[in-house]
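Let's take a look at how the protein meets its DNA. Pull up the model and follow along.

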Amino acid sequence: MQYWLMKSEPDEVSMDDVMASQAQTTPWFGVRNYQARNFMRDQMQVGDGVLFYHSSCPEPGIAGVAEIVSAPYPDATQFDEDSKYYDAKATQEQPRWISIDVKGTQKTRLLSLAEMRTIPALEDMIVLQKGSRLSITPVTPAQWKAIVKLLK
DNA sequence: GCCAACGTTGGC
DNA sequence: GCCAACGTTGGC
């Protein structure tokens, strides 16, 4: 059981979108960074906790909590020539990119990036480090606990 | 829109 | 294998 922070641009997929599809699940596609892919491929497990983070928007921050609900599987968009995520070097036999499904657990108040920076228990979070751009990052149990408490 | 930081590509 | 050039991310 591990914890993760996953970034999404709310213009693409917001926490509201994730909650609206609660009956089903939301496929997480379009990751095109090897480090993030490897986290999904090698470490993510069904039941892992996810902090849903809104990036590249007026108020960046954590907007809700979700859960991993599938094993990794090939990201279909890598084979779709019409997709902006198309990758000519990926083949069905040797896919490069991976998706997983998440399910929204709870929309929370927005824990803004600015507020996160003021909380000592969070200062080591990868997402707060200078120059950090990884869209999927591990979260420690202590960080998770502190954030869940703040969001109550 | 700016720009720092990072990742990827490709020539050598 | 090095590294310059380029593209992307993402806060501000």
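A polar contact here is a pair of N or O atoms within 3.5 Å; within protein, one must be able to donate a hydrogen and the other to accept it, and residues adjacent in sequence count only if both atoms are side-chain atoms. Keep in mind that this is a predicted model, where local features need pLDDT of at least 70, side-chain atom pairs count only at pLDDT 80 or more, and totals for chains, interfaces and linings use all residues. Residues are numbered from 1 along each chain as its sequence is written, chains are lettered from A and ligands numbered from 1 in the order in which they are written, and side-chain values use heavy atoms, with hydrogens and water left out.

Start with DNA strand C. Around it sit Lys 7, Tyr 53, Ser 55, Ser 56, Pro 60, Leu 113 and Arg 133, where "near" means that a heavy atom of the residue lies within 4 Å of the strand. By type, that's three nonpolar, two polar and two charged residues (Ala, Val, Leu, Ile, Met, Phe, Trp, Tyr, Cys and Pro count as nonpolar, Asp, Glu, Lys and Arg as charged, and the others, Gly among them, as polar). Sugar or phosphate supplies 72% of the strand C atoms within 4 Å of the protein, and bases the rest.

Over on DNA strand B, the neighbours are Tyr 34, Gln 35, Lys 130, Gly 131 and Arg 133. They split into one nonpolar, two polar and two charged. For strand B, 75% of the atoms within 4 Å of the protein belong to sugar or phosphate, with the rest in bases.

Here are the polar contacts:

| Protein side | DNA side | Distance |
|---|---|---|
| Tyr 53, side chain | strand C, phosphate oxygen | 2.8 Å |
| Ser 56, backbone | strand C, phosphate oxygen | 3.0 Å |
| Arg 133, side chain | strand C, base oxygen | 2.5 Å |
| Lys 130, side chain | strand B, phosphate oxygen | 2.7 Å |
| Arg 133, side chain | strand B, base oxygen | 2.6 Å |
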